[in-house]
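Me: I'm new to this one, so could you walk me through it in a few quick questions?

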Amino acid sequence: MNPIGHFKTITRHKLMVMKYCFRIGLYKQGLCHDLSKYTPVEFFVGCKYYQGDRSPNNAEREDIGVSTSWLHHKGRNKHHFEHWVDYSNDDPRVIMGARMPRKYVAEMVMDRISASRNYLGDKYTDHEPLKYYLKSKERLWFIHPQTNKELEALLRILNDHGEEKLLHYIKYRYLKETEYDRKIKY
């Protein structure tokens, strides 16, 4: 049980995501990012399974077979593609990934950069978020194909051109409203 270590880790992460979101113009999302991590259902699990170098949700999942904290978290935070899983009228697999609005894809990228920086510390490079994504890409069958394409493209910009180019691209090109973003009510 490490409440101080866990509190420091999630707060450092939240502040880092907030800084990145502010830089790309997502002020409300920056302020509200991951507030559910401070609720008892998520916070106490994080304290119990805290390790400092990886998500406590993975340790909880390994211990009891499910992460109750993760189920709570992804249901309340739209920057996780798992939040956008819905029933399908057409797909024989029954569930499918719904397409994410771009502002949440952008926040997801800021989240991935910040998580990598938080857990890797001085070992972080701009290659790490893409490397982490590619490691699990084959298992992500329920992410919407367009969301998956956008996520990978943004992580490749980070990987190939660096953080400043990525942030500039997201703010001035990627987040410009699309027809899809106008239609969906979120």
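**Getting to know the model**

Me: Before we start, what covers the buried residues of H7?
Reply: This is a predicted model, where local features need pLDDT of at least 70, side-chain atom pairs count only at pLDDT 80 or more, and totals for chains, interfaces and linings use all residues. Residues are numbered from 1 along each chain as its sequence is written, and side-chain values use heavy atoms, with hydrogens and water left out. Helices here are DSSP runs (H or I, at least four residues; strands are E, at least two), numbered from the N terminus. As for H7, the cover includes helix H6 (102-120) and helix H8 (145-161).

Me: Which element gives the largest share of the largest nonpolar core?
Reply: That core, a set of buried Ala, Val, Leu, Ile, Met, Phe, Trp, Tyr and Cys residues joined through side-chain atoms within 4.5 Å, has 31 residues. Buried means under 20% relative accessible area, exposed over 50%, partly exposed in between (1.4 Å probe, protein chains only). The largest share, 7 residues, comes from H6.

Me: Is Glu150 buried or exposed?
Reply: Glu150 meets Arg99 in a salt bridge at 3.7 Å, N to O (a side-chain nitrogen of Lys or Arg within 4 Å of a carboxyl oxygen of Asp or Glu). Glu150 also pairs with Arg102, at 3.9 Å. With 6% relative accessibility, Glu150 counts as buried.

Me: How far apart are the closest N and O atoms of Lys137 and Glu152?
Reply: Lys137 sits in the loop between H7 and H8, while Glu152 is in helix H8. They form a salt bridge, and the closest N and O atoms are 2.8 Å apart.

Conventions. Contact means heavy atoms within 4.5 Å.
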